Each structure stands twice: as C-alpha cells, then as structure tokens.
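Student: I'm new to this one, so could you walk me through it with a few questions and answers?

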Amino acid sequence: MSFDQELTARLDALQAQGLRRELRRVDSPPGPRLVLGGRTLLNFASNDYLGLAGHPALQAAAVRAVEEFGAGSGASRLICGSLAPHHELEEALAEFKGSEAALSFSSGYAAAVGTLGALLGKGDVVILDKLVHACIVDGARLSGATIRVCRHNDLDHLEAHLRWAVGRGGHTLVVTESVFSMDGDRAPLREIVELKDRHGAWLMVDEAHATGLFGPRRRGVAEELGVGERVEVQMGTLGKALGAAGGYIAGSRTLVDYLINRARSFIFSTAPVPAQAAAARAAVALIQSQEGAGLCARIWERVAQAQVGLSCTRQSSAIMPLRLGDEALAVTTAAELRERGLFVPAIRYPTVARGQARLRVTLGAAHSPQDIEALITALASVRGAPPAFAHPP
Ligand SMILES: *Cc1c(COP(=O)(O)O)cnc(C)c1O
C-alpha cells in the first residue's frame, strides 16, 4: 500500500465507527450566533463563557499591542521574545489568582505538558483522575513518571493510590480538573487537598473551565472552596472564559522560576504574539471588574433557566452533557439540531470513552433567555434524545 492508501484505509476505519472528524469553517466573529456553510446557527458549542472573545476591550488591547509591539514575538521567551505584554499579563495573572507568581504559555495544552514534564521524572508517581483532559494524560506520559489512574472522583481509590505511592522514594503528584470538561461536574477538591497533604503528595488543579467563573474573586473553584493556597500548581487556560488564548500556571515564585528553566514547551517555542498576551491581560482586568461580575451573574441565570427547562440534574457549571452513548446517534442528533438552527457538538471518542458519545451543550453570558428557550424546545423535539440531561453516576 502507498502512504496515502494506508492513511485512507485508516480514515475509512474511523468513518465506519462513526469517529471520523472534519473541520467546519466558521465565517463569523465569536458570539452566540455563528455562520456555518452560509447559515446562521445558534451556538451552544463555545467555551467563550462570558462573551469576552469578541469584547471591544480585548479587541482594542490586541490592536494596541500589534501597533506597539508588532505582529510576532520574534523568538522564544528566553531568547528575546519576553515582551512587555507577557510580563504585564503574568503580573496581572498573579494578582488575580492571589499567587506569588504566574507564568503564561502559548496554550493550556502547552502549560500542562511542559509543567508535568518539568516536575516529574522516572521514579516519580503521577495520579490522574480517569476523566482528566488529554493534555494532562500526554504530559504525564511524556514525563516518564509511573501513572496511576483513579476512578472518576473516587476518594477511596485516590487514597489507595497515595498509600501505594508513598515510600517508593520519588515524588507523588495528584492531578485533577476542578470542573471536568466533558461532564461539567466538579472534583471534591477540599477532600483531595486533605488527602494529598496527609500523604505528603503535591497537587495540580486544572481550572480550565472554572477560571473567571467561580469564587468571590472569580479565581476558580479552589478559591470558592478556600483551598487555593494549599494547591501547589494551579493551572488554567486563557482561551475559555478569558476569551483570548494561552495557558497559565500560578503558584510560588520558586515554581515559576523552576518552570522557566525546565518546562520544555515554554523554553523551546516562540513566545505567543503580543496581541494574544495583551488581550488576555485585558480579560483578566475585565473579569475582576463590575462588568465581569455582571457577566458572571448572567451566565448562572442562563444555566438555571436551562436546568429548569430541561429538568436536568443541578450542577454548578455551564457544561451540560446530553449522553447518548452511541457515536452514530450522537452525530445524527447533532445534524438534526443543525437542521433546526442550533449548533451543538457531538463529542466522541477519543475525546470521551467509546460508547459514551454525547451532545455537549455549553451556555454563555451572551445567550439571551430566548436563545435558551430555543434550545429547550429543540432538544425536546429531536428524536432519539433521552428526556433529560443525565449526570454521570
Ligand atoms: C481546553 C482545556 C485545556 C487546554 O487549554 P487550551 O488553552 O485550549 O490549550 C486544558 N485542560 C482542560 C480541562 C481543557 O478543557
């Protein structure tokens, strides 16, 4: 077989399993509506929770940064690409998160992979929740540490792994998300902090879906639960509620100094463009403002409206999984919703386990109450969909 024949056979195999994916070109700016294939659809797929991706303050900050610092960064941060906008972003992030220091990366993916690889090596143990994001799994694998996987949110299983890991000589790092990306449920963070402290392990929490949304200062779930200072490594993305792009690590000055020296995805990669850093910094300021508080209040109003309308389990996140199981059913149901003018993505393996396909609805502050009504009506009428959103056991 030729190279292309071999790859065609692999793609055909994906197709046969309902797992082949393709890009959809979007011809509109971020917002609750998107233009796809010439049609305008109501968008329930975006992670732009607070509607900041299209916010004038972020756009203006990006434009100013381009005018002042150019389109590109010119080099990696450690060579000559560590521009003023990167430093201003990191100062703002540390203040926002209430940490000694923060480091920004080109993406959340790069933050996870670089940090795990820097902190861990052969002889160490990393304990992951079964449902953590692919970037954490990839970082754990690359690090060379021994990986132990816990059943989702299972504290007894976590404790068993901690007991096993302790006394093996190396370090032990527990990694979890605070709000899980595909189920929208939360980790029992307070209990996890207690456990890792009791066993002398370190903890890294990925707040990708929580930064900007939870806690009195909207730092995330760790703040809401009052355990932020006990988490060694706080991670998040600047590309979801913060509306820009990039990833961050917040923690001690020593942690940040260490990552600057050891995180390969940080060291061996061109610095993010100045516009990206400047937009993210504007978002950090906005999140902390009165306007940010208002946007946050609005998203929880929309979530409450949807939860009542869909009679689904109450959970405090803006992610609602409609579990369908079968991959092909998820794809056809998503297609029916598109016919009705709604864009809701079908999430399949490898993003979730095989046989756990789902529609994943994400709500945003930019949705109107009428948009939520349209969602409720459309979901009630698509054939094959179960009557309610089911929460994982
Ligand atoms: C999106 C996401 C990431 C990756 O962040 P990017 O900035 O998109 O690379 C990491 N962890 C979780 C849980 C995510 O949902």
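Student: What volume does the second largest pocket have?
Tutor: Keep in mind that we're looking at a predicted model, so the value is computed from its atoms. For the second largest pocket, the volume comes out at about 730 Å³.

Student: Which element gives the largest share of the lining of the second largest pocket?
Tutor: This pocket is lined by 24 residues, and Arg-21, Pro-345, Ala-346, Ile-347 and Arg-348 lie nearest its centre. Two elements give two or more residues to that lining, β12 (346-347) and α14 (327-339). The largest share is four residues, and it comes from α14.

Student: How many charged residues are in the lining of the second largest pocket?
Tutor: Let's split the lining by class. There are 11 nonpolar and five polar residues, and the charged ones number eight.

Student: And the largest pocket, which element gives the most to its lining?
Tutor: The largest pocket has a volume of about 850 Å³. It has 27 lining residues, with Lys-130, Leu-131, Val-132, Thr-351 and Ala-353 closest to its centre. Elements giving two or more residues are β4 (125-129), α6 (134-143) and β5 (146-150). With four residues, the one that gives the most is α6.

Student: How many nonpolar residues line the largest pocket?
Tutor: Again, go class by class. Seven lining residues are charged and five are polar, while the nonpolar count is 15.

Student: Are α5 and α10 roughly parallel or roughly perpendicular?
Tutor: Two packed helices are described by the angle between their axes and the distance between those axes. Here α5 (residues 108-119) and α10 (residues 253-262) have axes 10 Å apart and pack at about 95°. Angles of 65 to 115 degrees count as roughly perpendicular. So α5 against α10 is roughly perpendicular.

Student: Which residues in α10 does α5 meet?
Tutor: On the α5 side, the residues are Thr-115, Ala-118 and Leu-119. By class, the contact of the two helices has five nonpolar, one polar and one charged residues. The partners in α10 are Leu-255, Tyr-258, Leu-259 and Arg-262.

Student: What is the N to O distance in the salt bridge of Glu-6 and Arg-10?
Tutor: Side chains of opposite charge can pair when their charged atoms come close. Glu-6 and Arg-10 both sit in helix α1 (residues 3-16), four residues apart, which is about one turn of the helix. Their side chains meet in a salt bridge, with an N to O distance of 2.8 Å.

Student: How many salt bridges turn up in the whole structure?
Tutor: The Glu-6 and Arg-10 pair is a salt bridge. Searching the whole structure, the count is 18.

Terms used. Residues numbered from 1 in each chain as written. Predicted model: local features only at pLDDT ≥ 70, side-chain atom pairs only at ≥ 80, totals over all residues. Heavy atoms only, no water. Axes fitted to C-alpha atoms, helices over the stretch in contact; angles between N-to-C directions. Parallel < 35°, antiparallel > 145°, perpendicular 65-115°, else oblique. Contact = heavy atoms within 4.5 Å. Nonpolar A, V, L, I, M, F, W, Y, C, P; charged D, E, K, R; others polar. 1 Å grid on protein atoms, 1.4 Å probe; cavity = no way out; pocket = protein on both sides within 12 Å on 5 of 7 lines; lining within 4 Å. Points joined across faces, edges and corners; volume = space filled by probe spheres on them. Salt bridge = Lys/Arg side-chain N within 4 Å of Asp/Glu carboxyl O.
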